[in-house]
Amino acid sequence: MRAPRPRSGQPEQLGFEGMPERLFVCTPSKLGTYEDCPRRYRYSYVDRPAPPKGPPWAHNSLGASVHTALKNWYALTPDRRRPEALAGLLKGTWVREGYRDDEQEREAYRRALGWLEAYVETLEPGVDPLGVERVVAVKTAVLAFNGRADRIDSRPGPDGPELVIVDYKTGRTGLDGDDARGSQALALYAYAAERTFRRPCRRVELHHLPTGTVAAHEHTADSLARQLTRAEDTARDIMAAERAVADGGDPDEAFPTVAGPRCGWCDYRRACPTGAQTPGREPWAAMDRPTTPTGD
């Protein structure tokens, strides 16, 4: 197998017969981007310089603000984890980009603060998770995976402590057990956490702050293995596409566009001939809708 040609400025790694295949270094976001649209993956990770992105999205700013506020909540000592601390935490982490105007931004802040106040009432102030915004990593025969889990809990199980992956959501409503079951990211976090901490990790949860609901799934060893195989298959497809481009193939053929409603929300819509034919969304459009178009 021919080694891929290096990008400009990168040293060439010579390939010798019998050498192991290089591992594909990835995060859940990287894999998910390719599965959503190979062309978007190319613009994000292959083309250099990358095409310019569109303006920031308000719903992403909202999600990032809430996530960071919860991270900082756990950085407080247990005696300071009180609802009245949330306003200061949220103000200190607030991302202002993407909103239509000051009025929409203020309404988003009030909404987010209400979500946080209701959510922390469900938490035990004196109980610390095993990890908050914790990076977990694992290598397989194909992948060198790493990802940052929102929260990793340690909870009692029938045979001792077990780990639980918790992912905060501030976007679309209607999340249920199928969403938790089908999430490749959550499954990979669980797989990596189990090997990082050497404790069982089979339960994954989506905590939807706007509705105060939890969508959960209990994985088995087989279901985690299926998600891992899916991730490895995606990695092989990506590496094959990258090799094709490195060998002089047409990048548009190697990384085709998957056209659909997502095109209107794509950061690279203006650079993509297919996406440019789709009406673009205003950066604040999701704030006036009961659902948002992307994960958070």
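Is arginine 198 buried or exposed? Select it to start the tour of this predicted model. Arginine 198 counts as exposed, because its relative accessibility is 76% and the cut-off for exposed is over 50%. The residue sits in the loop between H7 and E5. Check its backbone as well: phi is about 55°, a positive value, although arginine 198 is not a glycine.

**Stop 1: the cores**

Next, select helix H7, residues 184–197, together with the largest nonpolar core. That core has 39 residues, and H7 gives the most to it, with nine residues. The members that touch the most other members are Phe24, Leu143, Ile152, Ile165 and Ala193.

Now select phenylalanine 24 alone and display what surrounds it. Beyond its neighbours within four places in sequence, phenylalanine 24 is in contact with Lys30, Leu31, Tyr41, Val142, Leu143, Ala144, Ala235, Ile238 and Met239. Another core, of 27 residues, lies apart from the largest one; Leu62, Tyr119, Val120 and Val164 are among its residues.

**Stop 2: strand E5 and its partners**

Select strand E5, residues 201–208. Six of its eight residues are buried, so E5 is largely enclosed by the rest of the structure.

Add strand E4, residues 160–169: E4 and E5 run parallel and are joined by seven bridges. To see where the two strands face each other, pick valine 166, which stands opposite glutamate 205 in E5.

Then add strand E6, residues 213–218. E5 and E6 run antiparallel, with six bridges between them. One place to look is histidine 207, whose bridge partner in E6 is valine 214. The hairpin of E5 and E6 has four residues between the strands, and glycine 212 in this hairpin has a positive phi near 70°.

**Stop 3: salt bridges**

The whole structure contains 21 salt bridges. Stay with E5 and E6 and show the side chains of glutamate 218 and arginine 203, which meet in a salt bridge at 3.1 Å, N to O. This pair links distant parts of the chain: glutamate 218 is in E6 and arginine 203 is in E5, 15 residues apart. Glutamate 218 is partly exposed, with a relative accessible area of 45%, and arginine 203 is also partly exposed, at 27% relative accessibility.

Which residues make up the network of salt bridges that includes Arg203 and Glu218? Select Arg151, Asp153, Arg155 and Glu205 along with those two to show the linked set.

Within that set, focus on arginine 151 and aspartate 153: their closest N and O atoms are 2.8 Å apart. Arginine 151 counts as buried because its relative accessibility is 4%, and buried means under 20%. Aspartate 153 is buried too, at 9%.

Another pair to select is arginine 195 and glutamate 194, whose side chains form a salt bridge at 3.8 Å, N to O. Here arginine 195 is partly exposed, at 38% relative accessibility, whereas glutamate 194 is buried, with a relative accessible area of 16%.

**Stop 4: backbone details**

Select arginine 48 and proline 49. The peptide bond from arginine 48 to proline 49 is cis, with omega near 5°. Proline 49 lies in the loop between helix H2 (38–46) and helix H3 (58–75).

The last selection is glutamate 133, in strand E2 (residues 131–139). Its phi is near 50°, a positive value in a residue other than glycine. Glutamate 133 is buried, with a relative accessible area of 18%, whereas arginine 198, where the tour began, is exposed.

Methods
Residues are numbered from 1 along each chain as its sequence is written. This is a predicted model: local features need pLDDT of at least 70, side-chain atom pairs count only at pLDDT 80 or more; totals for chains, interfaces and linings use all residues. Side-chain values use heavy atoms; hydrogens and water are left out. A nonpolar core is a set of buried Ala, Val, Leu, Ile, Met, Phe, Trp, Tyr and Cys residues joined through side-chain atoms within 4.5 Å. Buried means under 20% relative accessible area, exposed over 50%, partly exposed in between (1.4 Å probe, protein chains only). Contact means heavy atoms within 4.5 Å. A salt bridge is a side-chain nitrogen of Lys or Arg within 4 Å of a carboxyl oxygen of Asp or Glu. Two strands pair if DSSP finds at least two bridges between them.
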